[in-house]
Amino acid sequence: MPPIVSVSRLRKTYDSGFTALKAVSLDIEEGEILALLGPNGAGKTTLISIICGIVNPSAGTVLVGGHDVVRDFRLTRQMIGLVPQELTTDQFETVWNTVSFSRGLHGKKPDPAHIERVLRDLSLWEKKDNMLRELSGGMKRRVLIAKALSHEPRILFLDEPTAGVDVTLRKGMWQVVEKLRAAGVTIILTTHYIEEAEEIADRIGVINGGRILLVEEKAALMKKLGRKLLTIELVQPIDALPEGLDGFNLTLGDGGATLVYEYDTAGERTGITALLSALAEAGVRLRDISTRQSSLEDIFVQLVGEDA
């Protein structure tokens, strides 16, 4: 099955001379959740804006459902729902009218039953007659999601959808995302909450400096780039590493009360046995040992740091 979104050699240079995207290529499979991670200014929003037909590319092509986003703008735009970062809504309009009007903008006939389902799924039904200015910031962001879903898109872009949203509403939004995925909707999200990407995404993409650094299945990425940290709690703090331990990748922590050893989980040998023997020979007494798998955030910082 061909990808639902196919980006090939995409470039974008603004009139100021700034190049936001540098030959970006990316395929997005139908029905998946792809989390796109990157620091501010990495090119995430520019990439989304071009796919959605809001910004024109300087070079390269984007196909949505097999159709070119520039040549077949109206057709591709109907397939896409976009939840932007900014809270751009008419503050003096009701929730119901705002969402219904958005459906009409995409050329869809009125369907009150669909609008009701969307509002109920987003816990907005009781607020349907409220004006937007009466809603909290989190509720307003839910209205943006409702607007994006009003015309039943096959693809949903969520650009920082939980920015400024409290924990309860955030968890509710991700439950909605799971329901949409179950219904076959392809979801691409950008987020600063890396733990959320780690929890719900099928694949992780990392972008920095206008280039895609990698796109990997989450489990494969964690296995390939993940590392473990062995924390050794000492009986007595030490001021410096004893002789004979210089060859190990050790870091003193907690004022000399702990040693942290980093090792590759995919390696044939972890070096832990040799380390423990060397510690015993050096007369370093251990109180406790614990391990921690590196998180997606650790991997993200590593990748972006290497590319900087």
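Contact here means heavy atoms within 4.5 Å. All views are taken from a predicted model.

**Figure 1. Surroundings of Val 235 in the loop between β11 and β12.** Leaving aside residues up to four places away in sequence, Val 235 touches Arg 285, Leu 286 and Arg 287. The C-alpha atoms of Val 235 and Arg 287 are 5.1 Å apart, although 52 residues separate the two in sequence. Val 235 has a relative accessible area of 21%; because burial requires a value under 20%, Val 235 is classed as partly exposed.

**Figure 2. Salt bridge between Glu 233 and Arg 287.** The two side chains meet with an N to O distance of 3.6 Å. This pair links distant parts of the chain, with Glu 233 in strand β11 and Arg 287 in strand β14 (residues 286–293), 54 residues apart. Glu 233 is partly exposed, with a relative accessible area of 34%. Arg 287, by contrast, has a relative accessible area of 52% and is exposed. Arg 287 is also one of the residues touched by Val 235.

**Figure 3. Salt-bridge network of Glu 178, Arg 181 and Asp 202.** Within this network, the side chains of Asp 202 and Arg 181 form a salt bridge at 2.6 Å, N to O. Asp 202 belongs to the loop between α7 (194–200) and β9 (203–208), whereas Arg 181 belongs to helix α6 (residues 167–182); the pair thus links distant parts of the chain, 21 residues apart. Both partners are partly exposed: Asp 202 has a relative accessible area of 29%, and Arg 181 has one of 23%. Nine salt bridges are found in a search of the whole structure, among them the one between Asp 202 and Arg 181. Side chains of opposite charge can pair when their charged atoms come close.

**Figure 4. Edge-to-face pair of Trp 96 and Trp 125.** The structure holds two aromatic pairs. In the pair shown here, the ring centres of Trp 96 and Trp 125 are 6.1 Å apart and the planes stand at 75 degrees, so the arrangement is edge-to-face. Trp 96 is located in helix α3 (residues 95–105), and Trp 125 in the loop between α4 (112–121) and α5 (137–149); with their positions 29 residues apart in sequence, the pair links distant parts of the chain. Trp 96 is partly exposed, at 23% relative accessibility.

**Figure 5. Lys 128 between a ring and a carboxylate partner.** The charged end of Lys 128 sits over the ring of Trp 125, at 4.6 Å from the ring centre. Lys 128 also forms a salt bridge with Asp 129, in which the closest N and O atoms are 3.6 Å apart. Asp 129 is exposed, with a relative accessible area of 58%, while Lys 128 is partly exposed at 23% relative accessibility. A further case of a lysine over an aromatic face is Lys 12, which lies over Tyr 14 at 5.1 Å from the ring centre.

**Figure 6. Edge-to-face pair of Phe 248 and Tyr 261.** The ring centres of Phe 248 and Tyr 261 are 6.5 Å apart and their planes lie at 70 degrees, so this pair is edge-to-face. Phe 248 lies in the loop between β11 (227–234) and β12 (250–253), and Tyr 261 lies in strand β13 (residues 258–264); the pair therefore ties together parts that are 13 residues apart in sequence. Phe 248 and Tyr 261 are both buried.

**Figure 7. Strand β8 and its parallel partners β3 and β7.** Strand β8 (residues 186–190) is mostly covered, five of its five residues being buried. The covering extends to both faces: Thr 186, Ile 188 and Thr 190 are buried on one side, and Ile 187 and Leu 189 on the other. Strand β3 (residues 33–37) pairs with β8 in the parallel sense over four bridges. Leu 34 has Ile 188 as its bridge partner in β8. Strand β7 (residues 155–159) also runs parallel to β8, to which five bridges join it. The bridge partner of Asp 159 in β8 is Thr 190.

Notes: Residues numbered from 1 in each chain as written. Predicted model: local features only at pLDDT ≥ 70, side-chain atom pairs only at ≥ 80, totals over all residues. Heavy atoms only, no water. Phe/Tyr/Trp six-rings, centres within 6.5 Å; stacked < 30°, edge-to-face > 60°. Helix = DSSP H or I, 4+ residues; strand = E, 2+ residues; numbered from the N terminus. Buried < 20%, exposed > 50% of the residue type's maximum accessible area, 1.4 Å probe, protein only. Lys NZ or Arg CZ within 6 Å of the ring centre and 35° of its normal. Pairing = 2+ DSSP bridges. Salt bridge = Lys/Arg side-chain N within 4 Å of Asp/Glu carboxyl O.
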